[in-house]
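Here are a few exercises to work through with the structure open in your viewer. Try each task before you read its solution.

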Amino acid sequence: MTTRTDAHRPSAIRPEDYEFVAIFQHDLDAVEAGWLQAQAQADFNSHMSCHPGAQFSQHSHGGICMVCGNANALTTAIFYHADTNSYVRMGQDCAAKVEMGVDSLFRRARTEAEALRLARAGKLRAQALLREAGLEQAWAIAQETDEQVRRGYKYEEATICDIVSKLVRYGSISEAQTGFVRKLLGQIDARAQRQADYMARHGGSQHVGVIGDRHSFNVTIRFVKGFESAFGMLFIHVMDDQQGNVIVYKGSKELGEKGANLSLVATVAEHGEREGVRQTVIKRPKVA
């Protein structure tokens, strides 16, 4: 057996010569490691950028721990050794002799790793259960990572995300829940079809008039609904003019029932857009 003469052998360790850098976990798969190690890797990279030429010590040690040679260390701490401008990986026992308080960092790393294992197992089970139920679309909705897409989520998507989250956590889903998820997915598909139909009918809508000017309109009321507000009744009217342009009025006047044809004069308040369709918002309408 070769006698070690390197500066990092157990008998030569001087705690004051080592600077703690980061904690790493080694028994995770690639996906879990990516989640857990990102901060540790960032800390390590930042430290390396401040120490040009620094690299891991090349001494022979026989294991994962570069001090005692322990080959079974699954959680390790990286320390920087200034005298040799090198990094040394240590298991918990060796690290504890070098850095006071490092035990708590090891415990936290193991706790986080266990939580990730459980989450990973829960996700795999949830994905399998949804696949068996023919609800792969629900999994895709819940796992969407594009923030812009998620900002567009409505009640149906938000509810599906909540159900899938509970499935991942608790590992089961009832028949009633699968039926409800299936219903929500149907509503999402129907909503998409309604949007496509709406765009087909109104996608050519253009803004009408000049903002601030009074303008004459010949319209048909497509939608009207009244609400009780703190200031009395508020009515929302969505109308189409003879050119297919969308005209919207929100105010205290009820202009007529759905399907009514009107000639009116109103002030153009705003040129807006809703769900990709241009609309002209009016105020102070007067029915001719």
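**Exercise 1: the largest pocket**

Helix 7 gives seven residues to the lining of the largest pocket, the largest share of any contributor. Keep in mind that this is a predicted model.

Task: work out how much space the largest pocket holds, which residues lie nearest its centre, and how its lining divides by class.

Solution:
- Step 1. Start with the volume: the largest pocket holds about 690 Å³ of space.
- Step 2. Go through the lining, which has 19 residues, with Gln195, Tyr198, Arg222, Arg274 and Glu275 nearest the centre.
- Step 3. Trace where the lining comes from: at least two residues each are supplied by helix 7 (175–202), strand 5 (214–229), strand 6 (232–241) and strand 7 (246–251).
- Step 4. Sort by class, and you get nine charged, seven nonpolar and three polar residues.

**Exercise 2: the second largest pocket**

Task: do the same for the second largest pocket. Which elements each supply at least two residues of its lining?

Solution:
- Step 1. Its volume comes out at about 250 Å³.
- Step 2. There are 14 lining residues, and Ile23, Ala40, Arg108, Ala109 and Glu112 sit closest to the centre.
- Step 3. The elements you're after are strand 1, helix 1 (30–49) and helix 3 (102–132).
- Step 4. By class, this lining has eight nonpolar, three polar and three charged residues.

**Exercise 3: strand 1 and its partner**

Task: explain why strand 1 counts as largely enclosed, and find which residue of strand 3 is the bridge partner of isoleucine 23.

Solution:
- Step 1. Take residues 18–25 and call a residue buried if its relative accessible area is under 20%.
- Step 2. Six of these eight residues pass, so strand 1 is largely enclosed by the rest of the structure.
- Step 3. Now look sideways: strand 1 runs antiparallel to strand 3 (residues 75–81), and seven bridges join the two.
- Step 4. Across from isoleucine 23, the bridge partner is alanine 77.

**Exercise 4: two nonpolar cores**

Task: which residues have the most contacts inside the largest nonpolar core, and what does valine 164 touch?

Solution:
- Step 1. Out of 17 residues in this core, Ile160, Val164, Val181 and Leu185 have the most contacts inside it.
- Step 2. Two or more residues each come from helix 3, helix 4 (136–142), helix 6 (155–170) and helix 7.
- Step 3. Helix 6 gives the most, with six residues.
- Step 4. Leaving out residues up to four places away in sequence, valine 164 touches Leu130, Ala138, Trp139 and Ala142.
- Step 5. Finish with the second, separate core: it has 16 residues, including Ile13, Ile23, Phe79 and Val88.

Technical notes
Residues numbered from 1 in each chain as written. Predicted model: local features only at pLDDT ≥ 70, side-chain atom pairs only at ≥ 80, totals over all residues. Heavy atoms only, no water. Buried < 20%, exposed > 50% of the residue type's maximum accessible area, 1.4 Å probe, protein only. Helix = DSSP H or I, 4+ residues; strand = E, 2+ residues; numbered from the N terminus. Pairing = 2+ DSSP bridges. 1 Å grid on protein atoms, 1.4 Å probe; cavity = no way out; pocket = protein on both sides within 12 Å on 5 of 7 lines; lining within 4 Å. Points joined across faces, edges and corners; volume = space filled by probe spheres on them. Nonpolar A, V, L, I, M, F, W, Y, C, P; charged D, E, K, R; others polar. Core = buried A, V, L, I, M, F, W, Y, C linked by side-chain atoms within 4.5 Å. Contact = heavy atoms within 4.5 Å.
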